[in-house]
Amino acid sequence: MSETNTQHGVRNVVLVHGGFVDGSGWEGVYRVLEKDGFKVTVVQNPTISLEGDVAVTKRVLAAQDGPTILVGHSYGGVVITEAGTDKNVAGLVYIAAFAPDRDESVSSLIEDPPPGAPVPPILPPEGGFLFLDKTKFAASFAADVDPSTAAFMADAQVPWGVAALGGAVTEPAWRSKPSWYLVATEDRMIPPDAQRAMSKRAGATVVEVQGSHAVYVSQPGAVAHLIEQAAKSRSAAHRVGAALSA
């Protein structure tokens, strides 16, 4: 462990994006965290398969110089749930994300939506990949994002592999690692009540923010604040552990 991490606790943050987007959406959160003294790395997942995305995330985790807060948005929550058992992970932060249990996947979590739940405008698969209807992208994914930015996100969509949706978790990290969860109360991709249920099951520390599914883009300060709370909590635990073992 580096001297910096020994002295100050958890200062590393790894950010994992979800489906239909890439890591550039984390820029606002990245800049807040960097300004506040954190070392931040953004994972660029191919979103072709869960196995592949976990492998990419674990390579990033292996490059960290000490304990790390692992953050996932949307499908990125599945990735961090599977990758988060890594020894470098001190805590998990879910941002309007899926938090599956053992043998669950995005496909299984969305197969039986509650009555009246919003239906994401996912188009029929093309060659094993999914896209959102560009004309409905902003309303469903990014309703509180600047319209020009939301339009760019719609036109810059990353194909989301059907296989990634079917990737099931083997050992959920939230069973052994502390977790935090940000519920986006205006989310029209993952129903807020589903977010509340998953966060409760995971035993997460929960905050609610009035925001869309793209709350990490529209409200980077609120998202960064929760990540910093998680880091502060794990730093305190690290100091107590170090004192007890001294």
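## A buried aspartate in a loop

In this predicted model, the loop that connects strand 7 (179–184) with helix 9 (192–201) contains D187. Although D187 is buried, it takes part in no salt bridge, and the nearest side chain of opposite charge, that of R188, is 8.1 Å away. A salt bridge would require a side-chain nitrogen of Lys or Arg within 4 Å of a carboxyl oxygen of Asp or Glu.

What the side chain of D187 does reach is the backbone of its own loop region: the backbone nitrogen of M189 is at 2.7 Å, and the backbone nitrogen of I190 is at 3.1 Å. When neighbours within four places in sequence are left aside, D187 is in contact with A96, P118, P192, Q195, G211, S212 and H213.

## An enclosed strand

Strand 3 (residues 68–73) has six of its six residues buried, so this strand is largely enclosed by the rest of the structure. The side chains of the strand can be followed in two sets, with T68, L70 and G72 pointing one way and I69, V71 and H73 pointing the other way, and all of these residues are buried.

## The partners of strand 3

Strand 3 pairs with strand 1 (residues 12–16) in the parallel sense over five bridges, and within this pairing L15 stands opposite V71. Strand 3 also runs parallel to strand 4 (residues 89–95), to which six bridges join it, and here T68 has V89 as its bridge partner.

Between strand 3 and strand 4 the connection can also be described as a unit, since these two strands and helix 4 (residues 76–83) make a right-handed β-α-β unit.

Conventions
Residues numbered from 1 in each chain as written. Predicted model: local features only at pLDDT ≥ 70, side-chain atom pairs only at ≥ 80, totals over all residues. Heavy atoms only, no water. Buried < 20%, exposed > 50% of the residue type's maximum accessible area, 1.4 Å probe, protein only. Helix = DSSP H or I, 4+ residues; strand = E, 2+ residues; numbered from the N terminus. Pairing = 2+ DSSP bridges. Right-handed = clockwise from strand over helix to strand, strands pointing away. Lys, Arg positive; Asp, Glu negative; His and termini not counted. Polar contact = N/O pair within 3.5 Å; in protein donor to acceptor, adjacent residues only side chain to side chain. Contact = heavy atoms within 4.5 Å.
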